[in-house]
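I opened my notebook and went through this one side chain by side chain. Here is what I looked up, in the order I looked.

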Amino acid sequence: MTQKEYNKAVDEFSDNIFRFALKHLRNEMSAKDIVQETFTKVWIKHEEVSYEKVKSYLFTTAYHAIVDWAKKEKRSGDIEQTEERGATQSMNFEVQEVLTEALEKLPEIQKSVVLLRDYEGYNYAEIAKITQLSESQVKVYIFRARKTLKEYIKRLDLVV
């Protein structure tokens, strides 16, 4: 990949990678760090990466950086705990807030595959390559995640 192609990739994909990282980390500074780290790693290997495959390479690199970050934070005990919403709070939830809250309840791998599929628009084969899972594993994780999200939203409907 040439320097011009690298710069084009930065312009084209940095916002998508930031959103992907932010959905996982829920911390803007950490998400920016992930974007920076991702593009740094791609630059280091820019001669080995073809421009046609840069999107997949970027998301794979970002995914692994997020996993590493999460492991490091769990070891250090610095992960911010999400607050549970009490019954006394207003029941006027925004759809996006409900989905974000529901996504946070999913296991990390299910959250990743759902975000890649439904937010970023990757197909099953691309997600399998990024997460180093088989396509059938990706489909199972997406099915289970969607089922969990559906059940979570149903429970909220009963409360409202």
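**Entry 1: charges**

I began with a salt bridge: the side chains of Glu-104 and Arg-26 meet at 4.0 Å, N to O. This is a predicted model, so I kept confidence in mind from here on. The Glu-104 and Arg-26 pair links distant parts of the chain. Glu-104 belongs to helix H4, Arg-26 to the loop between H1 and H2, and 78 residues separate them in sequence.

Are these two partners buried or exposed, or something in between? Glu-104 has 24% relative accessibility, so I noted it as partly exposed. Arg-26 has a relative accessible area of 44%, so it is partly exposed as well. Both values fall between the 20% and 50% cut-offs.

How many salt bridges does the model hold? I counted five.

Next I turned to helix H2. Glu-28 and Lys-32 form a salt bridge there, at 3.5 Å from N to O. Why can these two meet? They are four residues apart in helix H2, so about one helical turn separates them. Glu-28 is partly exposed, at a relative accessible area of 46%. Lys-32 is partly exposed too, at 42%.

I found another bridge in that helix, between Lys-41 and Glu-37, with the closest N and O atoms 3.0 Å apart. Lys-41 and Glu-37 are also four residues apart in helix H2, so they too are separated by about one helical turn. I noted 33% relative accessible area for Lys-41, which is partly exposed. Glu-37, at 32%, is partly exposed.

Which residues do shared partners join into one network? They are Arg-26, Glu-104 and Lys-111. That brought me back to my opening pair, Glu-104 and Arg-26.

**Entry 2: rings**

I then looked for aromatic pairs and counted four. One of them is Tyr-6 with Phe-39, edge-to-face, with 6.2 Å between the centres and 85° between the planes. Tyr-6 is in helix H1 (residues 3–25) and Phe-39 in helix H2, so to speak a link between distant parts of the chain, 33 residues apart.

Buried or exposed, I asked of Tyr-6? Tyr-6 has 12% relative accessibility, so it counts as buried. Phe-39 is buried as well, with a relative accessible area of 6%.

Another edge-to-face pair is Phe-59 with Tyr-122, 5.1 Å centre to centre and with 75° between the planes. Where do these two rings sit? Phe-59 is in helix H3 (residues 54–76), while Tyr-122 is in the loop between helix H5 (108–119) and helix H6 (124–131). This pair also links distant parts of the chain, 63 residues apart. I noted both Phe-59 and Tyr-122 as buried.

Going back to Tyr-6 and Phe-39, I saw that ring pairs link them with Trp-43 into a cluster.

**Entry 3: charges over rings**

Which charged residue lies over the face of Tyr-122? It is Lys-55, at 4.9 Å from the ring centre. Tyr-122 therefore has two entries in my notes, since it also pairs edge-to-face with Phe-59.

I also looked at Tyr-124. The charged end of Arg-117 sits over that ring, 4.3 Å from its centre.

**Entry 4: Ile-153**

I picked Ile-153, which has its place in helix H7 (residues 135–159). At 28% relative accessibility, Ile-153 counts as partly exposed. Which residues does Ile-153 contact, leaving aside neighbours within four places in sequence? They are Val-98 and Leu-99. I also noted Ala-102, which is 51 residues from Ile-153 in sequence and 7.6 Å away in space, C-alpha to C-alpha.

**Entry 5: confidence**

I closed with pLDDT. The chain averages 80, and 82% of the residues score at least 70. Which element has the lowest mean pLDDT? Helix H4 (residues 95–105) does, at 76, whereas helix H2 (residues 28–44) has the highest, at 90. The salt bridges of Glu-28 with Lys-32 and of Lys-41 with Glu-37 are in H2, and Glu-104 is in H4.

Over residues 78–93 the pLDDT stays under 50. For this stretch the model has 15 contacts beyond four places in sequence.

Technical notes:
Residues are numbered from 1 along each chain as its sequence is written. Side-chain values use heavy atoms; hydrogens and water are left out. pLDDT is the predictor's confidence in each residue, from 0 to 100. Contact means heavy atoms within 4.5 Å. Rings of Phe, Tyr and Trp (its six-membered ring) pair if their centres lie within 6.5 Å; planes under 30 degrees apart count as stacked, over 60 as edge-to-face and the rest as tilted. Buried means under 20% relative accessible area, exposed over 50%, partly exposed in between (1.4 Å probe, protein chains only). A charge sits over a ring if NZ of Lys or CZ of Arg is within 6 Å of the ring centre and within 35 degrees of the ring normal.
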